[in-house]
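Trainee: I'd like to go through this one with you, helices first and then rings. Can you put it up on the screen?

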Amino acid sequence: MNASEIIRWLSPELILLITGFVVLGADLVMRRRDEGRTAAVIALIGLVLALIMALLLAMNNPATIVASTFAVDPYSSFFKVLAIIAVSLVVLSSMDFMKGKSRYLGEYYALLVFVTLAVSIAVSATNLLLVYLGIEFLSITSYILTGFLRNDRRSEEAAIKYFLYGASAGAVMLYGISLVYGATGSTDLVAVGELMKAATGPEHLLGVAAIVLLLGGFGFKASLVPFHQWAPDTYDGAPTPVTAFLATASKAAGFAVAGRVFITAFPQFTPDWMAILGSLAILTMTVGNLTALKQHSVKRMLAYSSIAQAGYIVLGLAAYNPTGGTFTGLNGMLIYLFAYLFTNIGAFFVVLAVERYAGSSEFSTFKGLGKRAPGLALLMTVFMLSLAGIPPTGGFLGKFYVFAAVVEKHFLVLAAIAAVNAIVAAFYYMNVIRLMFFQDSEDETPLQVSSGLNLSLVVSAVMVLAIGILAQPFIAWAVESVQMVNTRGF
Amino acid sequence: MSMDLTAIPLLSLILWLPVVGALLLFFVRKESTIKLIALATMLLDFVVSLGLLLNWSNTGDMQFVEKLLWIPPLNISYHLGVDGISLFLVLLTTLLGPIVVLYSWHNIKNNLRAFMVLLLVQQTGIVGVFTSLDLILFFIFWEFTLIPMYFLIGRWGGQRRVYAAVKFFLYTMAGSALMLVVILLLYWQTGSFDWIELQQTPLDPTVQTWAFLAFALAFAIKVPLFPFHTWLPDAHVEAPTAGSVILAGVLLKMGIYGFLRFCLPLFPDATLRFAPWIAGLALAGILYGALVALVQKDVKSLVAYSSIAHLGFVMLGVVSLNQQGLAGAVLQSVNHGLSTGALFLMVGMIYDRRHTRLLTEFGGLWKQIPIYSALLLVVVMASVGLPGLNGFVGEFTILVGAFKANRLWAVLGTVGVIFAAWYLLAAVRGMLQGPLDNPANQKLQDLSAREIWVLVPLILLFFLIGLFPNLFLDKINPAVETLLHGMNAAAQISFLP
């Protein structure tokens, strides 16, 4: 394979890498004269170019490159597209939010581009070492972004917590990788899959142990209970646009990697990891929902809700169907993640708009929002209904699909627990709507929303409804995107 | 007078017209224009829905069927149709639409546009429930109807509106979450979400049992069947009048309809097995609702509890599982929608004037506001089931059905009828008769022309159904026959006499 071909296969990553450096360079020239506007615009252009390339590459036949460590397949393209869209919306919303909050806005936008690169490496990795590197790259850039508001002690605390948990999770994951290497002498996912095929007795136990340890790393990213303790404080303290990223694209990366690693490297262990993920799903949904019920601020409530949502998402993997069916869990996970991306980004952006004005997102700040900012409140209603899984929103399609996959695998108890959880969750989502429309506040000054934020909010809401109503094209795309490479390439 | 309407997708038109009207409302600012557009849309929707009658054929089959594949890989269709069971429920919905808009002409003080938009999209949701023949489509509309009503109660309701709205939402949501799981279970068993295809696929009795229970829970909460009724008094009393009318008039009927459309034909064995239990709950509801209604001091709560009793009666007809019981249940559902709708409207009218609904505040109204009093008497008589009016036909048919099924049911049900006469007539006596001694009542204005027009269509229908019930039963009966034959053919144990 020649160099020009490699450049083509890696074009989204290369574009992101170059964009990151150009953003840094541009910032050097502009020297904060424009409050990071140039940097943001360049970042957006780079992200859009990378998005186009990722979509084009999705049409190629799946293949691995660079000593078969890096997959270019519809599966990785799907998650790249997801991450790029998420970060683009985050950049749009940051243009106003970060103004005056930091002196290093060039670095901020550059880091956002690099974090996208990290996601796209992690979701493409077909070698456990590159998986580890991708996740660590993602973690380190995320730590910095989380602590970016250096004058805000909560932001610093959030970063430290995230870092401490992340470092431990990384170590645990590395231990899992070393077990796999010890058992098979390889870190290549496909090779491991073949070498572990005949694992029985103690070897089988070793495999299960490796799965559990690896899950420590993936579960940390995806905020699955019991690897979730960092999430509430980190989501709460991080700059809100960064929170939106952590709760969507970063989480999706965790699921994407878990899906690829378990399906490719541990096909013989499918019943084991399905059982483990099913139990974690129950735990995650229940803990997330019950804790979310008790929160007093919308941002913290959303933080716990996004833990609970991770429980529904992982149901998709827990109902993985290797032989295929009408509803395969993996399709469901992808659809859920895509709908969830726009829903949660939208919800956090509404929080951002309110925070910008009221200084916090305590429940009281949402009172009377229906009067003070009818448009904003209407959009928030769409996002809350989608999170609660009420039709005709994308959240409903996601829940429907995942539930269908679970029922198709005959896990009826799991489906019933998930359904009951959805009822609990409806309570606190509807509470936000209650505050906005049924309660009045003394302060009735209209709320202004910046144009960048407005654009990303409207895009998110339109997508949430489009996914729910049109459904078909998104399902088709998700079905295409479950293809991943399972042979060693060149 | 036959006009060929088969070329037009009539049901889609009825279904989506209100949404078009709601979208139009976003482009107007003037309150009077908003009201006019809302009313015109509702009237147009009603006129279009009358087209169903023009081209109706008295068979038990689905008519005006539209089918479009919506999500091909999952085999989910946009599949609509009406038969004699849903026909009058659709018409009731489109009839109550313009009536509540006209009623709300002057008494919505804040955010009129949002109010009208919600009423309109609510109508689309309800018509969607009554016409969907695909389980997923049905579920989507079923869940969607929650949202507008949640806002109507929570935003424009009475003192405890927020509590009532949340309770309403969570109860119904809790009921339907398991229904979705079971719909998926049926798909896994049969490979279809389509009502017509599902009917032709007999289900294993164990699956039927679980499926029936999950569906029945969702529908029993909606009806509401005792003891799942506790959300109803709160929601009905706190909702604004327009909301109460829609709630009692058609939203509750979604539960009855759900039993008739899904539980009976899809799970015949389970239905047969659980019918006596449901009859027990229905009878408990009839008696409980009546006894609690007797001691209410607030007229609106009285009407709310009377709904529990009346719907228990309708459920008794459903589980009689014979021609009379089922046809009576359909007809009585419509009757209850008309008469309780009218009762809520009249309670609203007196509340608009006096800002109280306490029975003790009234008395001797006949002397002061005779038109109101006369109309109230007619409405109460319809509700009580006076021969010649609609309620009698429905109750009598149900009682015949119940008698055939189990004599004890009929006897206990009759006791409920007597109670209904008792508490409603007691309320009438308290309000209209006696001395006009409360000074606040001595300045009351009688009904305006608009208010009379709100009530006239309902009262005309009381007489039409009461005097010519066969106009309606002729259309309902074939569908009920088809339903019973289908059940009998599908059930493992034959139960038709």
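Trainee: How are H4(A) and H5(A) oriented to each other?

Mentor: Bear in mind that this is a predicted model. The axes of helix H4 (residues 74–97) and helix H5 (residues 105–124) of chain A come within 9 Å and cross at roughly 165 degrees. Angles over 145 degrees count as roughly antiparallel. So H4(A) and H5(A) are roughly antiparallel.

Trainee: And what is the handedness of the crossing of H4(A) and H5(A)?

Mentor: That crossing is right-handed.
The contact is made by residues including Phe79(A), Ala83(A), Val87(A) and Val91(A) from H4(A), with Tyr108(A), Leu112(A), Val115(A) and Val119(A) among those from H5(A). Sorted by character, the contact residues come to 13 nonpolar, five polar and one charged. Back to your question, the handedness is right-handed.

Trainee: Val115(A) caught my eye. Is Val115(A) buried or exposed?

Mentor: Val115(A) sits in helix H5 of chain A. Beyond its neighbours within four places in sequence, it is in contact with Val87(A), Leu138(A), Thr141(A), Ser142(A), Leu145(A) and Phe245(A). Its relative accessible area is 0%, and under 20% counts as buried. Val115(A) is therefore buried.

Trainee: What separation do the C-alpha atoms of Val115(A) and Thr393(A) have?

Mentor: Along the chain, Val115(A) and Thr393(A) are 278 residues apart. In space, the separation between their C-alpha atoms is 29 Å.

Trainee: On to the rings. How are the rings of Tyr162(A) and Trp230(A) arranged?

Mentor: Over all chains, the structure holds 51 aromatic pairs. In this one the ring centres are 4.5 Å apart and the planes are at 15 degrees; planes under 30 degrees apart count as stacked. So Tyr162(A) and Trp230(A) are stacked.

Trainee: Which parts of the chain does that pair link?

Mentor: The two residues are 68 residues apart, so to speak from distant parts of the chain. Tyr162(A) is buried, with a relative accessible area of 0%, and Trp230(A) is buried too, at 1%. The parts linked are helix H7 (residues 153–184) of chain A, which holds Tyr162(A), and the loop between helix H9 (201–222) and helix H10 (231–237) of chain A, which holds Trp230(A).

Trainee: How do the rings of Trp230(A) and Tyr235(A) pair?

Mentor: Both Trp230(A) and Tyr235(A) are buried. Their ring centres are 5.7 Å apart and their planes stand at 90 degrees. Planes over 60 degrees apart count as edge-to-face. So this pair is edge-to-face.

Trainee: Which residues form one aromatic cluster with Tyr75(A)?

Mentor: Phe and Trp residues join Tyr75(A) there. They are Phe78(A), Phe79(A), Phe338(A), Phe342(A), Phe474(A) and Trp477(A).

Trainee: Over to chain B. How many residues of helix H10 (residues 231–238) of chain B are buried?

Mentor: The buried residues run from Trp231(B) through Leu232(B), Pro233(B), Asp234(B), Ala235(B), His236(B) and Val237(B) to Glu238(B). They pack against helices H6, H7, H9, H11, H13 and H14 of chain B. The helix is largely enclosed by the rest of the structure, because the count is eight of the eight.

Trainee: Last one: how many nonpolar residues are in the contact of H16(B) with H19(B)?

Mentor: Helix H16 (residues 370–384) and helix H19 (residues 449–467) of chain B pack at about 35 degrees, with axes 11 Å apart, in a left-handed crossing. The contact includes Leu375(B) and Val379(B) of H16(B) and Ile459(B) and Phe462(B) of H19(B). With no polar and no charged residues there, the nonpolar count is ten.

How values were computed
Residues are numbered from 1 along each chain as its sequence is written. Chains are lettered from A and ligands numbered from 1 in the order in which they are written. This is a predicted model: local features need pLDDT of at least 70, side-chain atom pairs count only at pLDDT 80 or more; totals for chains, interfaces and linings use all residues. Side-chain values use heavy atoms; hydrogens and water are left out. Axes are lines fitted to C-alpha atoms, for helices over the stretch in contact, and angles run from 0 to 180 degrees between N-to-C directions. Helices (H or I, at least four residues) and strands (E, at least two) are DSSP runs, numbered from the N terminus. Angles under 35 degrees count as roughly parallel, over 145 as roughly antiparallel, 65 to 115 as roughly perpendicular and the rest as oblique. A crossing is left-handed if the near helix is turned anticlockwise from the far one by less than a right angle, and right-handed if clockwise. Contact means heavy atoms within 4.5 Å. Ala, Val, Leu, Ile, Met, Phe, Trp, Tyr, Cys and Pro count as nonpolar, Asp, Glu, Lys and Arg as charged, and the others, Gly among them, as polar. Buried means under 20% relative accessible area, exposed over 50%, partly exposed in between (1.4 Å probe, protein chains only). Rings of Phe, Tyr and Trp (its six-membered ring) pair if their centres lie within 6.5 Å; planes under 30 degrees apart count as stacked, over 60 as edge-to-face and the rest as tilted.
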